[in-house]
Amino acid sequence: MLILAIETSCDETSAAVVKNGKEILSNVIASQVEFHKKYGGIVPELASRKHIEVIAAVVNQALADSKTPLKNIDAVAATFGPGLVGSLIVGLNYAKAIAYALKKPFIPVNHIEGHIYANFLEMGDERRETRKGKSHLPSRISHLSFPFVCLVVSGGHTQLILMKDHIKYETLGRTRDDAAGEAFDKVARFLEIGYPGGPLIDEMSKKGDPKAIDFPRAMMDEGYDFSFSGLKTAVVNYVKRNGMPEKLADLVASFQQAAVDILVEKTINVAKNKKVKWIALAGGVSANSRLREDLKRRAKEEGFEVSIPPLPLCTDNAAMIGSAAYYMIKNGKKSDLDIEAVSTLRI
Ligand code: KG4
Ligand code: ZN
């Protein structure tokens, strides 16, 4: 089954062709990050306008890269929420129009579900490496099994989800205030490190001492919910009290370590309590090198298997939407051309 998928929930215009929910035939991502940089964050009205400008070219490129004529597409999928409503509408309507014209099913996908399904994709990079004889196909693809616990961490979400089977989710915990990525971005903006904050903090932290400042690990022993706004405030208060440290990397690395400790330990606790074998990671913040390292190390210590998508599939992309749509169709999801964008959609 060939699915054409479109993702425009935030500031990336992406289209992909995915075969049988696993194989990425193409995954084109046009990022607006350079455009929004001068504003220090995403400007929603401009984001939707940019999506309109490039959507046709991005979809055509995805079809061309996959060498799939439009008539061979079996279903069309698009993100319908959560996200910026003006951005969502562009991809959603474009995808609906294609499905309508082709008389093929249209499958609306929840963006968070899409992030989780990045764990089911076979990654081009690794596949190419395999062909060159450099490495094996990652074991996560053949072995990730239900039930598993997934930590979804992005700019808009921080959630612990128990995935019992395909498209069967139970949300166990979520952030009560800022999302983890939002905390990274806000701290970076306060420290005037630049935009987008997450990757810049990750890079700078490599030169700093994560033990330099002992920032609070909020709600560590209080169930499965998270809170990150206190950590952000702790960074602000530290600078107000002590001034900007001589070695900014120490401050940044200490903040990152506090955020990562909270994410990793909560996830391990849930996995223990739910008695699962596998832990999966998803969303933009799962590109964070310290989070990837620490989760792998702690999971190994505690006897869990870990699935972490390769870097290009952690941040927003359409291939993950194509994978989720495939499993939705396989589990009885019907075409729905009437659906509207829902900016506050939950899983
Ligand atoms: O999933 P995503 O691309 O978009 C949303 O659905 O929100 O995630 C974007 C978020 C941003 O907050 C960005 O700063 C963060 O992911 N991010 C990172 C890293 N790469 C992206 N945060 C920490 N370390 C990174 N390497
Ligand atoms: Zn996302």
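**Exercise 1. Which of the 17 residues around ligand 1 come nearest?**

Solution. The model is predicted, so local features need pLDDT of at least 70 and side-chain atom pairs count only at pLDDT 80 or more, while totals for chains, interfaces and linings use all residues; side-chain values use heavy atoms, without hydrogens and water. Residues are numbered from 1 along each chain as its sequence is written, chains are lettered from A, and ligands are numbered from 1 in the order in which they are written.

Step 1. Take as near any residue with a heavy atom within 4 Å of the molecule. The nearest are H115, G155, D185, D202 and G284.

Step 2. Look for polar contacts (a pair of N or O atoms within 3.5 Å; within protein, one must be able to donate a hydrogen and the other to accept it, and residues adjacent in sequence count only if both atoms are side-chain atoms).
- A polar backbone atom of G155 lies 2.8 Å from an oxygen atom of ligand 1.
- The side chain of D202 places an N or O atom 2.9 Å from a nitrogen atom of ligand 1.
- For the side chain of D316, the distance from an N or O atom to an oxygen atom of ligand 1 is 3.0 Å.

**Exercise 2. Describe the interface of domain 1 and domain 2.**

Solution.

Step 1. By an automatic or database domain assignment, domain 1 covers 2-140 + 312-330 and domain 2 covers 148-308. Their C-alpha centres are 26 Å apart.

Step 2. With contact meaning heavy atoms within 4.5 Å, 20 residues of domain 1 touch 24 residues of domain 2.

Step 3. Buried area is the accessible area (1.4 Å probe) lost by two parts on being put together, summed over both. Here it is about 1,800 Å², with 69% from carbon and sulfur atoms. On the side of domain 1, I116, N119 and C314 lose the most area, together 30% of what that side buries.

Step 4. The rule for salt bridges (a side-chain nitrogen of Lys or Arg within 4 Å of a carboxyl oxygen of Asp or Glu) finds 0 across this interface. Polar contact joins 7 residue pairs across the interface, both residues at pLDDT 80 or more.

Step 5. Helices are DSSP runs (H or I, at least four residues), as are strands (E, at least two), numbered from the N terminus. Helix 4 (111-117) is one of the elements giving two or more residues to the side of domain 1 that touches domain 2; helix 4 gives the most, 5 residues.

**Exercise 3. Where does the salt bridge partner of R176 lie?**

Solution.

Step 1. The structure holds 18 salt bridges. One of them pairs R176 with D225, their closest N and O atoms being 3.0 Å apart.

Step 2. D225 lies in the loop between helix 8 (197-205) and helix 9 (229-242), and R176 in the loop between strand 8 (168-174) and helix 7 (180-190). The two residues are 49 residues apart, so the pair links distant parts of the chain.
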